[in-house]
Amino acid sequence: MASEVAAAAANTARRAAKEMHGIVVSAGLMDKTVKVKLGGLRWEPRVQKYFKEPRFKLVHDPANSVRQGDVVAITPSWRVSQHVRHVVKHIIAPYGEPIDERPPVPTLEERLAEVAAKRAAKDERRAALKEERAKLKAEQRAAEEAKKALKASTKVIEEARRALQARGVAVPPIQPTQGDVD
């Protein structure tokens, strides 16, 4: 598991050079996700002119610390959901509420530590569930073996009873008890 975290850190560090800056155009509508507008120009060959063509990215904001109008730096990260593939790196210029009054934006190391902790907790839950299932299966197996042994002993008793009856010995019928299983 440590190697997975190290590999994720290496991949993220490799992509850190692709830091982009943009303006938050929508915040607070989705939990831990903001919409960031990135600048862009498109060349139109007919009129020989550049036109503004902004790109929009859905960006993960782990602490809900970004507000609409903030200028933020974003970097590629692991995929959080279907359309969210970037994360807020830091706030460049806050709009409105000062940065000191907001929750801090977690660093890469903090996010990796959180992912590792969640993974460890999940592994523990899976191990406990696997152990519980194994116990249940063993109990079921023991119950089945007891049931088979009871059936076998009942068959032996019935065969002995028939043999005695064939010799002419009077044998009283067996009364089934509540513990007997068909």
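**Pocket first**

I pulled up the lining of the largest pocket and wrote down Lys32, His60, Pro62, Trp78, Arg79, Val80, Arg111, Glu114, Val115, Lys118, Arg119 and Lys122. Note to self: this is a predicted model.

Next I looked up the volume of the largest pocket, which comes out at about 340 Å³.

Which element gives the largest share of the lining? I found helix 2 (residues 108-166), with six residues.

I then sorted the lining by residue class and got seven charged, four nonpolar and one polar.

**Overall layout**

I stepped back to the protein chain and listed two helices and seven strands. Going along the sequence, I read the order as α-β-β-β-β-β-β-β-α.

How much of the protein chain is buried? I get 19% of the 182 residues.

**Surface patch**

I went looking for nonpolar surface and noted a patch made of Ile23, Val25 and Phe56. Together these three residues have about 240 Å² of accessible area.

I picked Phe56 out of the patch for a second look, and placed Phe56 in strand 5, which I have as residues 55-60.

Why does Phe56 count as partly exposed? Its relative accessibility is 44%, and partly exposed is the class between the buried cut-off, under 20%, and the exposed one, over 50%. So I logged Phe56 as partly exposed.

**Cross-check**

I also compared my two lists for strand 5: His60 is in the pocket lining, and the strand runs over residues 55-60, so my notes on the patch and on the pocket both come back to strand 5.

Technical notes:
Residues numbered from 1 in each chain as written. Predicted model: local features only at pLDDT ≥ 70, side-chain atom pairs only at ≥ 80, totals over all residues. Heavy atoms only, no water. Patch = residues over 30% accessible without salt bridge, like charges linked within 9 Å, V, L, I, M, F, W, Y side chains within 5 Å. Areas by Shrake-Rupley, 256 points an atom, 1.4 Å probe, with all protein chains shown as cover. Salt bridge = Lys/Arg side-chain N within 4 Å of Asp/Glu carboxyl O. Helix = DSSP H or I, 4+ residues; strand = E, 2+ residues; numbered from the N terminus. Buried < 20%, exposed > 50% of the residue type's maximum accessible area, 1.4 Å probe, protein only. 1 Å grid on protein atoms, 1.4 Å probe; cavity = no way out; pocket = protein on both sides within 12 Å on 5 of 7 lines; lining within 4 Å. Points joined across faces, edges and corners; volume = space filled by probe spheres on them. Nonpolar A, V, L, I, M, F, W, Y, C, P; charged D, E, K, R; others polar.
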